[in-house]
Amino acid sequence: MPEAATSSAFATQGLRTNQGAEETVRQLLRSLLQSGQVEAVLALGKTGTDGKGVAYSLFTDPDAFAVDGEAVPLLPYMPANGGGLLSRLTLEGSLPGPVAAVIRPCELQAFIELMKLNQGSLDNVFLISSTCGGVYPLETGLEGHLEEKLPAYWRSIEQGELDEAARPTCRACESFAPEGADITIALLGEEGLDEQCSLYLNTERAAAFAQRLEGTILDAEPDGTVLERSSVERSAFREALFAGVETGLKGLVETFGRCIGCHGCKTVCPICYCQVCHFDSHECEREIAYYEGELQRKGGLRVPPDTVFFQLGRMAHMAISCVGCGMCTDVCPADIPVSTIFSKVAASAQATFDYVPGRALAEEIPLRTFREDEFAQVAT
Amino acid sequence: MNANAAVLPTKEGFEPAVIQWLKEALNRNVFEAVLIPVETPAEDSFAYLLIKDPKFLDLASPLPPIMPVQGGKAIGRLTMRGDLNKRVAAIIRPCEARAAIELTKLKQAHLTNLTLITLDCPGVLPLSDYLDDPAAGAARFREAVEQDNRSPMRPTCQICHRFSLAEAPATDLHIGTLGNDDGAAVIVPGSLEGERILAQMGLTEDGDESGNLPEMLERWSTRAEQLTATQTERRSEAHAQLQEQVAGADRLLDIFGSCINCHNCQRVCPVCYCRQCYFESTALKLPPENYLARAASKGALRFAPDTLLFHLGRASHMALSCVSCGACEDACPMDIPVGQVFSLLADGAQEALGYVAGRSVEDALPLVAYEMDELHDVEQAYVEIYREQEVQDA
């Protein structure tokens, strides 16, 4: 069994380094690779000869984390949900040795959720996460515009706020403090992130791994007022965002009317793990008779059919586990606010079952757990 | 077959004329249903609708400003499981018809009882440009069409040289709008079925009241020929430039460097018909030891891996059937010029094998048909390499 992390974002053991957040993380990962304490690190990196692309990479070379190395572990960008990638990495077997991953809270939640769905293994995965100030939309990464955003990003984060240009999904996120990480990097609302950084070492191996870092021992959690304020602000934003989308059938038909059927939302969704989606399966390839029957009944039908059916079906399949990471909205070529709609429905589904996806491995997915004493009102 | 062409009466304007004609065809039971783009309820996009009730045709748009779903794909979905029992007319653009023809050869669509009706295509706007402001997009599209201006269109439309079927209509009917002013159009049969439909609709040369059909046809084919020449030149210039940008693995890695592996390109591609793409199959899902070893050998492994392999693999799977429609590029959230790159690869591959994707159901797919007498260049080169190797080995 993997070592159980505490369910809190902050253990009582903390370390304040006298280097900036980025330098601290780079130094930590570099030393872990150099000493052989980890075999590899999954983190964001720049790609291409021009360094303009950003993708997750499995780094084994410590130099990637040098000051001018290609790794950019704290870049506010999510080209893929890292939780889904960790599942892909461990799908065919447990890791043979320790691998560290630097991911955001929603990525961590997705990974935990995927573990509950038996889509990989936690063994030897060393999770590093941070209090999250959100990421920028995918399109910001094009033409190098992401670099321009970074000063505003770091400024906002120190003030405990989210840059207005961050993804709406992130501005509406209420789960921005990671639970279950070995190390939590305190970013949100922390002052002087270019010259100091607080790490919370939540597991014994985290404490061991951080030994090479120099700094002062912290014996208290970070000041909660900033996180509290951010939570209130994000909840208000969330409410307004949810109010802006219709989840009734008419609204859904209108909004998903411009869906082009690429199913990119499903492909990038970390929770949608099926090898072949039901809605791409033989089952959903309609016979001629189906079209003729519908034509007879309605006088006209959309081809390809089942556009809203796909969305509702996918929602029914994954809403209880939806971590609200926003990848679906980001990838949609038709600019449909998929994530807002899914999060709104997910919030209500999850509240019904009093469930928080990806919070702790021990919390079972409601649809996989039978409880005799629930939903009496439905039974009568 | 231009001799049997007819004039499409367009007093009310081109689009209303086509719709009126289709309504009449439905009423006369020439067709029992029509597959045509229709504006969505929110008026922010278009979708293919299979229509039996003529009232829905009032919402139809034969030449919408965008291509949210490739019509070949729509035809594939409709007929993948067998022949239609009802006579259906599909109003589509030339690249969509070419895709439908490729899918038919690949046994993924069935054209029985399906009448393909194409139109001279001015191109379509990039989906994202249009969605920013649909009303403004529609206006921009109309203006560009009036001015014969392809610059606001999708990059693949800007370099499209198969936008008309003046040379050889491969579809049952082709509606030609080029060369004649005021939305006047000729309707040209490309098959016996097309001729039969024109006769049934009372549209024959004899029925042309103005008596100027031969002149209209002449103006249409002259203009289409001119434009084809211009566009062909534009295409080769663009491809020559692109060739420099993509030559070699490093440059390809740069072009596809921002790919996020969403595979939207493959999903919207009309000729990528596999239910389960090889590159999403369990064949490429490997034990962690494999990924770690690959990472260790290079210092880093992009993860998920095999991004460029996916694009090159997909190209090798479908380039011979690629119709250069640009649907892939439209669906790419990272603005990768994937449609342009694939059109370059496709042109080279198809030229090497003397094949034009979607030209005709009669042309056999090159990899299906064996010909003794082809590709001698490659053969020769291979023999030379082989001999050299043999000598070295000896």
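The lining of the largest cavity in this predicted model is made up, by class, of 9 nonpolar, 3 polar and 5 charged residues. The space inside this cavity comes to about 130 Å³. Of its 17 lining residues, those closest to the centre are B:Cys95, B:Cys121, B:Gly123, B:Cys157 and B:Cys160, so readers who wish to look inside may start from this group of chain B residues. Two helices of chain B, helix 3 (94-105) and helix 6 (155-158), each contribute at least two residues to the lining. Helix 3 of chain B gives the largest share, with 3 residues. In total, the structure contains 10 cavities of 30 Å³ or more.The contact between the two chains comes next. Here 67 residues of chain B touch 68 residues of chain A. The size of an interface is often given as the accessible area lost when the parts come together. For chain B and chain A, this buried area is about 5800 Å², and carbon and sulfur atoms account for 59% of it. Three residues stand out on the chain B side: B:Arg81, B:Arg275 and B:Phe303 provide 14% of the area that chain B buries against chain A, more than any other three residues. Charged pairs also link the chains, with a count of 4 salt bridges between chain B and chain A. In a salt bridge with B:Arg81, the partner is the side chain of A:Glu287, at an N to O distance of 2.8 Å. B:Arg81 thus appears twice, in this salt bridge and among the three residues named for buried area.

Some details of the backbone are also worth a look. In chain A, the peptide bond leading from A:Val303 to A:Pro304 is cis, and its omega is near -5°. A:Pro304 sits in the loop that runs between strand 9 (300-302) and helix 11 (307-318) of chain A. In chain B, a cis peptide bond connects B:Phe303 to B:Ala304, with omega about 0°. The loop holding B:Ala304 lies between strand 8 (300-302) and helix 12 (307-318) of chain B. B:Phe303, on one side of this cis bond, is also one of the three residues named above for the area buried against chain A. Elsewhere in chain B, B:Asn261 is not a glycine, yet its phi is positive, at about 65°. B:Asn261 belongs to the loop between helix 9 (249-255) and helix 10 (264-268) of chain B.

Confidence in the prediction can be read for the whole model and for each chain. The model has an ipTM of 0.94 and a pTM of 0.93. For chain B the average pLDDT is 92, and 96% of the residues score at least 70. For chain A the average pLDDT is 93, with 97% of the residues scoring at least 70. Within chain A, residues 1-7 have a pLDDT below 50, and this stretch makes 13 contacts in the model beyond near neighbours in sequence.

How values were computed
Residues numbered from 1 in each chain as written. Chains lettered and ligands numbered in written order. Predicted model: local features only at pLDDT ≥ 70, side-chain atom pairs only at ≥ 80, totals over all residues. Heavy atoms only, no water. 1 Å grid on protein atoms, 1.4 Å probe; cavity = no way out; pocket = protein on both sides within 12 Å on 5 of 7 lines; lining within 4 Å. Points joined across faces, edges and corners; volume = space filled by probe spheres on them. Helix = DSSP H or I, 4+ residues; strand = E, 2+ residues; numbered from the N terminus. Nonpolar A, V, L, I, M, F, W, Y, C, P; charged D, E, K, R; others polar. pLDDT = per-residue confidence, 0-100. Contact = heavy atoms within 4.5 Å. Buried area = accessible area lost by both parts, 1.4 Å probe.
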